[in-house]
Structure formats: C-alpha cells, structure tokens
Amino acid sequence: MRLKACLAAMLAALLALAPLSAMASDDPLADLAQAKADLKAAKAALVGYEGTGVPGFYRHEGATDAVRILTDPDVTKYQDHIRLDDPNGPTALSKVRSALEFVEECNRLRVGEGLDALEVSDTAMAVAEAQDSFYMYDEDWNDDDMAGHKFQYTPMRENLDMVSDDPFNAWYTQEKKNFETGEGDTGHYKNITRNRYYVTGFADGQGGEYDYYYRVQDFITDNTLVSIKDYSTEFPIGPTYTPAEYLKRLDGYQTWYDGLVADRKAADKAVDKARASLRHVSGTVRSTDGTPVADATVTLSDGSSSVSGTTGSDGSFDVKAPSDGTWTLAVTADGYLDSTVDSIVIGDGQTRVWGGLDVRLKPATAEVSGTVTDTDGAPITGVRVDVVDSKGPTSVLTGSDGTWSASVAPGGMTVSYPVMPDGYEAVTDTSKSLDLEAGDSAVFDLKVRLKDGSVTVAATDPGGPIQGVGVTVDGLDASTDEKGTARIDGLRPGWHKVSYTVPDGLRADGPDETYVPAGGTVRLTVSIKARPLSAIPTTGRVPWVLLSCLAALPLAAAALGLRRHADLG
C-alpha cells in the first residue's frame, strides 16, 4: 500500500510538470472529449474514499478487517449507528487525529507509573470507533442516563466519558485518589494502569442529542477479538503502531487522498477550459410544464450559415457555431410550437460560451374540458361530448365524476353536448364555439335536470267514457273531454297526490296518488259510480221500497245528464 501511495505521488508530480494546456491538440472537440475522460477517471479514483472518513484510510492501507467492522452489519451489532458523513463523529479523520493525542496522554500516565506505553492497531481503533458511534447516536441509551457499556466485541475492557474536556481528569487523576484512599470508583484508573495490556483503541466524537463529548478507550486483552453479533466472527488485532507511527500513516493517506481531490479539481477545470475553447451554445429544451423534450432539432443560424443538433433524452443540447458573429437559435419539435432565442453573440475578441440556456416549448395543442352535473351538483356519467376542430370531429364521454377533457388543434372549434342522458334535459347551453391558441385551455360545463312528467286520466262508467270529471294533481287541474280523458303536464318526477271532482250523488273510484317518472307519462283509470243510498225507514202507509225509488231518481237523472252530454258531444 505504501508503494501505491509513492506511485500516485510520482504521477501527480509528472502531471504538474506537464500542464493540461501543454497537452492541448489542434482539435478542440478531441480536447474536450479527453478532458471529460480524465474527469471521469479522477472521479472513479475517489470512489470508496471520498466522503467515507476513516474507512477510506483503512481501505487504502489494506485493513479489510477494520473496514468490515465499520461497514458490515453482519459482524458489528450496532453498525446502523455509524455515520461516516458526520464531520464531528468518531470516524472523521480529524477525530482520529485527536484520538491519537489522547492515546499519547494515556501513555505518558502509564510511563509515569512505570508501565509500558500502549500501541494501537487498525482493528482496535475501528472497534473503538464503532463503540463510540453507538454511545453518541443512540437516543435511547442517552435518555437512559447513559447507563452501562454496550460491548460489540470481546474480550476487552472499556473506559467511557461524555463530560470532561479531558477524560483522564476523571479516569486517572480522580480515580487514582480514590484508589489511594480506598473510597470511590477506580475501574477506569485500573484499566489505564493494568500491566498486561499492550494494545488500545481510542475514539473521539462530539455531538449527539446533547452535543456532548463522547470519548471511548478500549483495552484489548487478547490477540483476537470476537463479534458479539454472532460469537463466531474473529478479527486478529493485526499489526500495532505507536501513536506517532500511526499518525504518520494517517498523514501519508491524507497526502494521497488530497492528491486525488486535486486531480479531480484539475480535471474539472480542464473540462471547463476545453469547453471555453469552443464556439458552442448549450442548454436544455423543455415543455412549458418542465418536461424535457427529446429529439428536438436545435439550429444556430446567422443568416448565411447554420448548424444543427438534436436534444438528448434529457432535453440537453450542445451545438458549435462555425464562426464568430451574432446567431439565432431556432428549436423545433414534433407536437410543439417553434421557438427562437435571438442575439446570441459569439466573438468580440474572445470566444464566448453560451451555456445553461433554458428553452421552453409550448405544446401545439389546446385543452378543452368540462363537467356535467344535475341541478343538485351530482355528476352525470357517460354523457357524450362532441368536439370539432380543424383536424375533424372527436367524441369523449364523461367519467364517473362527470368530467371530460380533450386535446384539440389550436384555432376555431365547436364543442357540443348532442345527446342528453335518459330522463334529463339541459338547463344550460349545449353548444359553444371557441377560438384557442396553442397552450390555451377552456372549460365548457353542462347542467341538466330531470325532465317533467305527465298524468293522463280516463274516466268511465259502465256505459263508457264520461266528460266533465275534474282531476287535480298537486294543484294542477284538468277536466275529462268528450272522450272521457284528461291530461296534466309539467309534473316533477316523484310521488303526487291525485283527487277527482264529480257531481253530487256520484263518486270517482281511482288512485289517490301516483309516481311520475322523469320524462314519462302515467295513465290512470277512474270509474264513476253512484254513491250508495242510506237506509230509508218506512213511515205511515208508504212502502219503504217506493220511498227508496223516489230518492234514487235525482241520482239517475244526474248520471243520465253526464251520459247525454257525452252522447251529444
């Protein structure tokens, strides 16, 4: 890996000796293509390193176990808590540097106790960073008074601090006093001063829910760490380094990484420079709603010459002007109105790049729509709408919500509702003329109501039709004619009361209510009969039967009068 870093540095030096401008050819288009290829390669070289923090360092150094500890949820129990993009988190390179400073402080304290200094390894550092990430980002753990260690690997011991600017004030200074007096906690102090430890990992972070310092120091008690996630995956501690040696490796990686970033920035500038060497105009063609327009023809013209190009699937275009001058950009596309951009000036002593043009095309159509409802606002489904524009007639039906729409050719047109739904009649206009420009829209609604219904009555007695019988339906009156029939129109759909008027002594036998359907006619039959005579008692010497006959004469006469009227008619 160190050889790889050296080769990269040598390549960067060679590139510095041969600036991009010196490698330019006589073909600006070829230069642009090469610059784009170089930029693509520079971006690819940063994949896996840019934005990854310390895993990029581990990957560069070939420390695959350390990379896996920070990125593989199958081996690290709380891997989902690790945030590689947090600049103040324990995986940030700047925080790795401060962590090494704390290891140096720990070693000074150990040496003062007559103990050997601890060394670090990639695996031990990665484990500490995973541990610190959990404590820093786990809200439940922070809300639960930060109680208890959450080990993800074993065997090891751990010191944890979230309060002090310098955790060793509590871990060592205070607890050493406790140790000497035999009162209070001493676990952190014992971890620092235990003779059998030789490898440690340290992580430093700041933030979390309460913006605390989160410092973790893990003391490794064996040559191998085992994942608590499955208790089977083992990670050797690996090569160990003094904090100074580790910092030197980190500096080497930083120099290598900074070189890649510089290459990418230089490649970006080379692309910009290659573009600037061309007399080109670029931008995007979209419809008025922002949708990219693919396969549009883009033409630059100065009146005597022209050059054309075609937009890509994303609507982008890039065309090169043949010479300096004032150019007009014309854009055409199927289904859209033509558009132009005037006064594109190229030249005036230097090449000028016109980039980022946003050309909007209006659709070469207009929109008509409407809604069909009844007088109560309820939608009417399945109503036919005819639209006749310059391209000819077309028909649509209203949907379940009563709405309809159609795209039409710009210009004059007629919109009509030629057929009313069964049982309905129009309340508003059923036809309208429109004149729309491309991109315009118009609304033509229709309101309908249920048609009125009718009632017809046929009045008869045993002898045939009877004229002059009065019929009343909800306040509307009529009388039967010489054919014994009557008709009442203008009745709203629904149930209606029916009554009849006949001369005294007669009665009408017919329905007293009826249902009138929308646009329909109800036929009622009425029978005219004599009213029944009350019982007449006999008095004196006149037989009661005679009295009954005499009483019936006026009724018979009345019936005869109706009948004769009908006959004479």
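How many bridges join strand 3 to strand 5, and in which sense do the two strands run? In this predicted model, strand 3 and strand 5 (residues 212-220) are joined by 6 bridges and run antiparallel. Helices (H or I, at least four residues) and strands (E, at least two) are DSSP runs, numbered from the N terminus, and two strands pair if DSSP finds at least two bridges between them. Residues are numbered from 1 along each chain as its sequence is written. As the model is a prediction, local features need pLDDT of at least 70 and side-chain atom pairs count only at pLDDT 80 or more, while totals for chains, interfaces and linings use all residues; side-chain values use heavy atoms, with hydrogens and water left out.

Strand 3 and strand 5 belong to an open sheet of 5 strands with mixed pairing, in the order 3-5-4-1-8. Strand 3 (156-161) and strand 8 (240-241) are at the edges; each has a single partner strand, so one side of each lacks a neighbour in the sheet. Between strand 3 and strand 5, Asn159 has Gln217 as its bridge partner.

Two helices lie against this sheet. Helix 5 (residues 93-112) packs on the sheet and touches strand 1 (119-121), strand 4 (199-207) and strand 5, where contact means heavy atoms within 4.5 Å. The direction of helix 5 makes about 130° with that of strand 4. Axes are lines fitted to C-alpha atoms, for helices over the stretch in contact, and angles run from 0 to 180 degrees between N-to-C directions. Helix 6 (residues 122-137) lies across strand 1, strand 3, strand 4 and strand 5, at about 35° to strand 4.

Helix 4 (residues 64-71) has Ala66, Val67, Ile69 and Leu70 buried, that is, under 20% relative accessible area (1.4 Å probe, protein chains only). Seen down the helix 4 axis, the buried residues fall within an arc of 160°, so they line one face of the helix; the arc is that of the directions from the helix axis to the C-beta atoms. Among the elements covering these residues are helix 3 (54-60), helix 6, strand 2 (153-154) and strand 7 (234-236).

Further along the chain, strand 25 (residues 453-461) pairs with strand 29 (residues 485-491) in the antiparallel sense over 5 bridges, with Val457 opposite Ala486. Strand 25 also runs parallel to strand 33 (residues 521-530), to which 7 bridges join it; here Ser454 stands opposite Thr521. With strand 26 (residues 464-465), strand 25 forms an antiparallel pair over 2 bridges, and a hairpin through 2 residues joins these strands. Thr460 has Pro465 of strand 26 as its bridge partner.

Technical notes
Buried < 20%, exposed > 50% of the residue type's maximum accessible area, 1.4 Å probe, protein only.
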